[in-house]
Amino acid sequence: MHQDEQLSAGSLVRGWFRAFFGVLLGIATAPPGLLVAMLGVGTVRMTEFELRRIERWSGAAHADPLTPRRCQRYLGVRWMVGGLGFGVVLMLLLYLTTAASMVTAWLFDGSWGLVKDGDVVSGELIAVATLPGTLLIFVTLAGVTGVAVLDRWLATAMLGRSQQTMLRQRVAELTSTRAEVIEAIDDERRRIERDLHDGVQQRLVALGMLIGRARRARGEEQLQQLLEQAHDTAGEAIDELREVATRVYPAVLDDSGLGTALEVLAERSGVRVEIRNELRASPGAALETVIYFVASEAVNNAAKHADASLVEIFVQQVPGGITVVVRDDGVGGADPSGTGLSGLARRVKAVDGVFEVISPSGGPTTIGARVPCE
């Protein structure tokens, strides 16, 4: 507990000195900032410097894209914060200098500092001045931190959004994303039901009819022919059922990881697929699932609709995330609002990712996603 208190005190002291240096620099930049605002030249560059200063010494200020008009207005007001900081620092130095002079005069018999009417400042006078002096020094110390907080608040208020506004926007975004995920799940469920009804169910009905005809067959040759047809139909039903199960969730993804799952996807595809997977470690089951389904949907679209002869899949780690890009040489014209691609967009957005489709008429088609990953 004692060690935690020491760490906390040390953090407070370091934080105060950071704020103090930031205020000093802000005092120095206030006059040039006002001049730049008056001239209307270089306002964006000066504001960018101020934002870097605030972030370096006080914490990030949440700013929207800068425009010259907003930057000019901000710099025209910020000089007052610099002036306030100058006043606080000046008072702090004055109080500290006065206190040091009194203590020095008392300790060194008047050889240094304050002497009144030939008498050294008495200890009683110092004792009487200690309490208000300490309070004044404490107020100015707190004033330095207050100026730093005011500086950051002003930048956020005039150039961007407050943390409360960002929090409200984030809550609204998460609420919307949750609704979109539920909608995507419902779309996927209807798609699976349609695949089962139009594919597997029809195969099983045909299989039942073939078995019924085989039971009524009169000759050995007719029986064998019907049994062969039933066998082929059963195999086709199993293949379709396996495809549906893979679209729901590929078991190989859990068993062997993303790399093997992409290889299996390429082997089962009706078009040639080349894969370049540069991930050195697994990003986790949730992100692997998103990356796999982006690749799977893009490959299936290229094989069914784009008349493509080659599909390339690129997966690589980038600063702050993972990108997956699927490019084909087909005819293009993919519709981002279609059921499959819109469902992918919602799936990617559910993990705070970005989804993009570039598919001009005549091709090529590029489907990409970027998902955050620490």
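**View 1. The buried residue Arg-53 and its salt bridge to Asp-151 in this predicted model.** Arg-53 is buried, with a relative accessible area of 5%, and Asp-151 is likewise counted as buried, at 6%. Their side chains meet in a salt bridge with an N to O distance of 2.7 Å, which links distant parts of the chain, since Arg-53 belongs to helix 2 (residues 43-57) and Asp-151 to helix 4 (residues 123-159), 98 residues apart. A search of the whole structure finds seven salt bridges.

**View 2. The salt bridge between Glu-236 and Arg-203.** The closest N and O atoms of Glu-236 and Arg-203 are 2.5 Å apart. Glu-236 lies in helix 6 (residues 220-248) and Arg-203 in helix 5 (residues 163-215), so the pair ties together parts of the chain that are 33 residues apart in sequence. Glu-236 is partly exposed, at 36% relative accessible area, and Arg-203 is partly exposed at 30%.

**View 3. The parallel pairing of strand 3 with strand 4.** Strand 3 (residues 272-277) and strand 4 (residues 310-318) pair in the parallel sense over six bridges, and within this pairing Ile-275 stands opposite Ile-313 of strand 4. Between the two strands the chain passes through helix 9 (residues 285-304), forming a β-α-β crossover that is left-handed.

**View 4. A nonpolar patch on the surface.** Val-13, Phe-17, Phe-21 and Leu-24 make up this patch, and together they have about 350 Å² of accessible area. Leu-24, which is found in helix 1 (residues 2-39), counts as partly exposed at 33% relative accessibility.

Key: Residues are numbered from 1 along each chain as its sequence is written. This is a predicted model: local features need pLDDT of at least 70, side-chain atom pairs count only at pLDDT 80 or more; totals for chains, interfaces and linings use all residues. Side-chain values use heavy atoms; hydrogens and water are left out. Two strands pair if DSSP finds at least two bridges between them. Helices (H or I, at least four residues) and strands (E, at least two) are DSSP runs, numbered from the N terminus. A crossover is right-handed if, with the strands pointing away from the viewer, the path from the first strand over the helix to the second runs clockwise. Patches are made of residues with over 30% relative accessible area and no salt bridge: like charges are joined within 9 Å, nonpolar side chains (Val, Leu, Ile, Met, Phe, Trp, Tyr) within 5 Å. Accessible areas come from the Shrake-Rupley method with a 1.4 Å probe; for residues, only the protein chains shown count as cover. A salt bridge is a side-chain nitrogen of Lys or Arg within 4 Å of a carboxyl oxygen of Asp or Glu. Buried means under 20% relative accessible area, exposed over 50%, partly exposed in between (1.4 Å probe, protein chains only).
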